[in-house]
Each structure stands twice: as structure tokens, then as C-alpha cells.
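This report describes the fold and packing of one predicted protein model. Selected residues are treated individually, followed by the chain as a whole.

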Amino acid sequence: LPCTGKLDLIHVLRAFEKGADGVFCVGCMEGDCHFNQGNFRARKRVEQVAKLLDKVGVGGERVQMFNLSSGEGPLFAQYSIEMDEKIRELGPSPIRVAKQKNKKKNAA
């Protein structure tokens with residue numbers, strides 16, 4: 001996306017529907033968006049998805065938003081590793097597990 005402000009709830013939810021165990025969004029520093037409020041809108045949407053995932057039992061901690069400047073490659077790598085570790089600790093998404101059970105059930 002040209003700006004995280006273009007991120008829609010459906011993008012994140014679709015990732016989970018397709019089998020993602022976790023999703024993280026990385027945008028520019030808050031207050032430093034070329035499109036004015038884009039990163040604030042993205043953060044709000046990510047928070048909405050987290051609440052929704054909590055309500056349906058998937059777990060809101062599976063989605064996160066990070067803000068970085070383009071020159072912070074090492075910090076991006078650190079956030080990626082931390083998010084990967086968190087998702088591995090949480091295990092597979094309940095959505096993916098349910099889909100796999102349905103596939104096996106329908107194949108039998």
C-alpha cells in the first residue's frame with residue numbers, strides 16, 4: 001500500500017481467513033505521514049481488528065501496528081522477529097485449525 005492509511009479492516013481479516021497466524025502492519029512515524037493522518041487511521045483500524053479477534057476467540061494479540069522511519073531497518077528486523085516469536089508462542093490461528101479440521105472431515 002502507498003500509505004498504511006489505505007489499510008482496511010477487510011485486508012487484515014482476509015489474511016486470517018486465508019490462514020495467517022498473525023499480521024503486523026508497519027507505517028511511518030506517527031505525525032510524520034505524507035498523507036496527513038494515514039498512520040493514525042491505520043492504527044485505529046488495527047485496534048478495531050484486535051478487538052474483533054478477541055470477541056471471536058482468535059486473540060487480538062495476533063495483530064499489531066508498528067511505526068518506524070524508513071531508515072530504521074534494524075528496528076524493523078527486531079519487530080519482525082518479536083512478532084514471529086509471539087505468533088509461534090501463540091500457535092496456529094484457531095481459524096486455520098478449524099479450516100484444516102473441516103478439510104480433513106470433508107475428505108473422509
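Ser93 lies in the loop that joins helix 3 (73-90) to helix 4 (94-107), helices (H or I, at least four residues) and strands (E, at least two) being DSSP runs numbered from the N terminus. With a relative accessible area of 0%, Ser93 is buried; buried means under 20% relative accessible area, exposed over 50%, and partly exposed in between (1.4 Å probe, protein chains only). Leaving aside neighbours within four places in sequence, Ser93 is in contact with Phe16, Ala20, Asp21, Val58 and Arg62, where contact means heavy atoms within 4.5 Å.

The model is predicted: local features need pLDDT of at least 70, side-chain atom pairs count only at pLDDT 80 or more, and totals for chains, interfaces and linings use all residues. Residues are numbered from 1 along each chain as its sequence is written, and side-chain values use heavy atoms, with hydrogens and water left out.

The protein chain contains four helices and two strands, arranged along the sequence as α-β-α-β-α-α. Its C-alpha trace spans about 55 × 25 × 20 Å along the principal axes. Of the 108 residues of the protein chain, 31% count as buried. Among contacts with a separation of 6 or more, 66% are made by residues 24 or more positions apart.

Three further residues can be set beside Ser93 by accessibility.

| Residue | Location | Relative accessibility | Class |
|---|---|---|---|
| Thr4 | segment before helix 1 | 11% | buried |
| Lys51 | helix 2 | 59% | exposed |
| Val56 | loop between helix 2 and strand 2 | 57% | exposed |
| Ser93 | loop between helix 3 and helix 4 | 0% | buried |

Not counting residues up to four places away in sequence, Thr4 touches Cys25, Val26, Gly27, Gly38, Asn39, Ala42 and Met65. The C-alpha atoms of Val56 and Pro94 are separated by 9.9 Å, with these positions 38 residues apart along the chain. For Lys51 and Glu17, which are 34 residues apart in sequence, the C-alpha to C-alpha distance is 16 Å.

Two packed helices are described by the angle between their axes and the distance between the axes. The axes of helix 1 (residues 9-17) and helix 2 (residues 38-55) come within 9 Å and cross at roughly 40°; axes are lines fitted to C-alpha atoms, for helices over the stretch in contact, and angles run from 0 to 180 degrees between N-to-C directions. Helix 1 and helix 2 are therefore oblique to each other, given that angles under 35 degrees count as roughly parallel, over 145 as roughly antiparallel, 65 to 115 as roughly perpendicular and the rest as oblique. On the side of helix 1, the residues that meet helix 2 are Leu9, Val12, Leu13 and Phe16, and their partners in helix 2 are Arg45, Gln48, Val49, Leu52 and Leu53.

The largest nonpolar core, a set of buried Ala, Val, Leu, Ile, Met, Phe, Trp, Tyr and Cys residues joined through side-chain atoms within 4.5 Å, has 14 residues. Val12, Phe16, Val23, Val46, Leu53 and Val63 have the most contacts inside this core. At least two core residues come from each of helix 1, strand 1 (23-27), helix 2 and strand 2 (63-67), and helix 2 gives the most, with five residues. Val12 touches Leu7, Val23, Val49 and Val63, not counting residues up to four places away in sequence.
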